[in-house]
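Student: I've got a structure to look at, and I'd like help reading it. Could you walk me through a few features?

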Amino acid sequence: MATPSNAVRGKAAFPLFRPAPRLVKHLLLIAFGLVMLYPLLWMVSSSFKPEELIFREPGLWPSQVTLDNYTEGWVALKHSFGYYLWNSAVITALSVVANLVACSLAAYAFARLDFPLKKVWFAVMLGSIMLPHHVTVVPQYIMFAKFEWINTIWPLVVPKFLATDAFFIFLMVQFIRTLPRELDEAAAIDGAGYWKTFFRVIIPLCMPALATTGIFTFIWTWNDFFSQNLYLTNSDNLTVPVALRQFLDSSGESSWGPMFAMSIVSLGPIFGFFLAGQKYLIRGMATTGLK
Amino acid sequence: MTTDSVAVEPRAAQLRPPAHRREKKQPWKRREARTAYVFLAPWFLGLFAITIGPILASLYLSFTEYNLLEDPKWVGWANYAEMFTEDDRFLTSLKVTTIYVVVSVPMQLAFALALALALDRGLCGLPIYRSIYYLPSLLGGSVAISILWRKIFGTDGLVNSVLAIFGIQGPGWVTDPDTALGTLILLHVWTFGAPMVIFLAGLRQIPQSYYEAAAVDGAGRFRQFRSITLPLLTPIIFFNLVLEVIKSFQSFTQSFIVSNGTGGPVDSTLFYTLYLYLKGFKSFEMGYAAAMAWVLLVIIAGLTGVNFLMSKYWVFYGDTK
């Protein structure tokens with residue numbers, strides 16, 4: 001791992017010896033990547049194998065290819081799997097919109113406007129990022145039960161419209177602070193008020209931060225098992241994570257093929273968003289990590 | 001941010017009346033504050049209704065017995081006393097979670113740092129490697145991956161069929177109480193990509209000239225790592241440490257799915273949050289669950305506090321920016 005990757009950093013490395021360690025390093029990195037991804041690749045390949053071959057073949061290349069697992073898994077539960085995908089999609093889409101709207105509004109106020117106790121509220125906002133979700137979940141559940149919101153999507157979506165994912169406020173505040181204030185001032189001279197400045201200047205320039213927020217919200221909401229398992233118990237409004245867990249219950253240890261197939265289906269959208277938006281994901285991680 | 005901006009901002013200069021006509025209250029400031037509160041309205045509502053209110057409510061509930069049907073009954077410190085003196089499962093869950101955090105977080109960060117160093121500057125294909133190593137972090141929290149894990153480490157799972165090639169009969173990793181927690185730790189280490197990305201960004205902030213100067217002075221690669229990279233990276237290590245400790249202490253899905261909601265075998269994967277969930281939402285002992293939530297808050301705040309105190313001794317805040 002400590003091979004000279006850069007002549008400047010190491011002692012003067014002999015040019016002749018450099019390609020070899022580099023190649024070794026690449027081979028090691030590729031081998032390590034393969035080991036890491038092997039479980040995933042194995043799950044993909046297993047989902048195309050006939051049931052009885054899954055555990056006899058640790059290799060990746062299926063000796064027999066079948067789509068049975070997919071057709072079986074799709075209809076294995078009470079509703080077709082498309083039904084659960086739709087339920088997840090509705091909640092996820094609403095959460096993305098909610099986070100984009102609510103968090104950008106709050107972020108603009110924290111980054112650009114001046115108001116009494118601003119520092120205190122900002123500290124409270126940062127603190128709420130660190131707050132364990134479980135501290136609030138019991139009273140929240142009681143409150144939502146009183147509203148008769150159990151088994152509706154509201155407990156999952158309404159908090160997002162109230163900017164409770166403060167992490168994204170922080171991310172956008174950091175981003176807006178990097179935008180030159182001259183732009184706001186130019187807009188003000190042209191007669192734009194705060195709202196116009198927000199919509200016409202800040203939002204268009206915030207696209208990278210909004211993309212990061214949108215993609216992370218998508219992935220976290222799509223993956224979220226704890227809240228969805230808590231609030232959606234009726235078999236008619238299950239989402240993908242909760243439906244997948246039903247496979248464990250209903251089929252016991254027997255039908256792993258269909259379960260793998262539907263697991264792959266459930267990871268598909270995440271993988272798609274990852275491929276499309278990895279630039280924003282990585283930039284978002286990096287900027288918040290570096291405060 | 002308040003008074004000195006008067007001089008700098010052209011907008012302010014334009015819109016503000018001449019100094020002698022200013023009132024004490026500064027009406028444009030009031031307008032700005034009013035607008036700010038409008039922008040913050042959803043967040044304030046969420047803060048009080050969804051965060052602060054429930055925190056206080058859970059503090060109250062933690063001193064009661066409450067099952068959602070009857071009114072809460074005040075029991076004083078009984079819930080807390082029961083936790084630490086009578087409830088063995090609680091202590092087990094605390095122990096299991098502590099082992100999980102203490103073992104998996106340092107391992108995860110060590111992998112993240114090692115790979116970040118390996119991928120640092122001048123390596124071609126960096127974006128590809130970074131994406132491959134990062135991918136598990138995005139998937140790791142999903143039910144699908146936990147299901148996969150359960151199968152990989154099952155009695156007739158992938159690991160054992162690979163071991164069988166070498167003639168080794170492996171145990172049922174997830175059904176054996178000695179190894180079940182180990183599989184969850186491995187799952188957490190597997191998601192080292194997220195801190196790795198943060199390390200990579202941190203490495204990029206270190207000025208190349210430091211290394212040039214050190215090389216001129218005859219420092220070897222190891223010395224450069226020890227005297228430049230590591231000290232300048234300590235704030236990032238610290239950030240990752242705080243974040244991962246907080247996050248992993250609250251892990252839920254993995255333990256729930258791998259043990260199919262029981263925390264078994266013999267409570268060996270009973271994470272704190274899983275036990276809280278079972279108490280609060282399976283046996284509907286909401287007062288007890290609220291008390292557990294408060295203990296969790298105190299533990300996490302304590303760990304974060306300890307981290308910050310310790311940081312004095314090893315985190316180096318130079319003028320890197």
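**Reading the features**

Tutor: Happy to, and bear in mind that this is a predicted model. Let's begin with one glycine: setting aside neighbours within four places in sequence, G73(A) is in contact with F247(A), P258(A) and M262(A).

Student: Where does G73(A) lie, and is G73(A) buried or exposed?

Tutor: Look in helix α2 (residues 68–74) of chain A for G73(A). Buried means under 20% relative accessible area, and G73(A) has 1%, so it counts as buried. As for distance, G73(A) and I30(A) are 43 residues apart along the chain, with 33 Å between their C-alpha atoms.

Student: Okay, now domains. What are the domains of chain A?

Tutor: The domain assignment gives domain 1 (15–66) and domain 2 (81–289) in chain A. Over C-alpha atoms, the centres of domain 1 and domain 2 of chain A are 33 Å apart. Their contact involves 9 residues from domain 1 of chain A and 10 residues from domain 2 of chain A.

Student: How do I put a size on an interface like that?

Tutor: The usual way is to give the accessible area that is lost when the parts come together. Here, domain 1 and domain 2 of chain A bury about 670 Å² between them, and carbon and sulfur atoms give 83% of that. On the domain 1 side of chain A, M43(A), S47(A) and E51(A) supply 61% of the area buried against domain 2, more than any other three residues. The rule finds 0 salt bridges across this interface between domain 1 and domain 2 of chain A.

Student: And how much do chain A and chain B bury between them?

Tutor: About 9,600 Å², with 74% of it on carbon and sulfur atoms. In that pairing, 101 residues of chain A are in contact with 107 residues of chain B. The rule finds 1 salt bridge across the interface of chain A and chain B. K29(B) forms a salt bridge with D114(A), and the closest N and O atoms are 3.3 Å apart.

Student: Which residues of α7(B) are buried?

Tutor: The buried residues of α7(B) include W149(B), R150(B) and K151(B). In fact, 10 of the 10 residues of helix α7 (residues 143–152) of chain B are buried, so the helix is largely enclosed by the rest of the structure.

Student: What about the surface: which residues form a nonpolar patch?

Tutor: Helices have a handy rule: with 3.6 residues a turn, residues three or four places apart point the same way. In chain B, I99(B), V102(B), V103(B) and M107(B) form a nonpolar surface patch, with about 300 Å² of accessible area together. One of them, V103(B), sits in helix α5 (residues 88–119) of chain B and is partly exposed, at 32% relative accessible area.

Notes: Residues numbered from 1 in each chain as written. Chains lettered and ligands numbered in written order. Predicted model: local features only at pLDDT ≥ 70, side-chain atom pairs only at ≥ 80, totals over all residues. Heavy atoms only, no water. Patch = residues over 30% accessible without salt bridge, like charges linked within 9 Å, V, L, I, M, F, W, Y side chains within 5 Å. Areas by Shrake-Rupley, 256 points an atom, 1.4 Å probe, with all protein chains shown as cover. Salt bridge = Lys/Arg side-chain N within 4 Å of Asp/Glu carboxyl O. Helix = DSSP H or I, 4+ residues; strand = E, 2+ residues; numbered from the N terminus. Buried < 20%, exposed > 50% of the residue type's maximum accessible area, 1.4 Å probe, protein only. Domains from an automatic or database assignment. Contact = heavy atoms within 4.5 Å. Buried area = accessible area lost by both parts, 1.4 Å probe.
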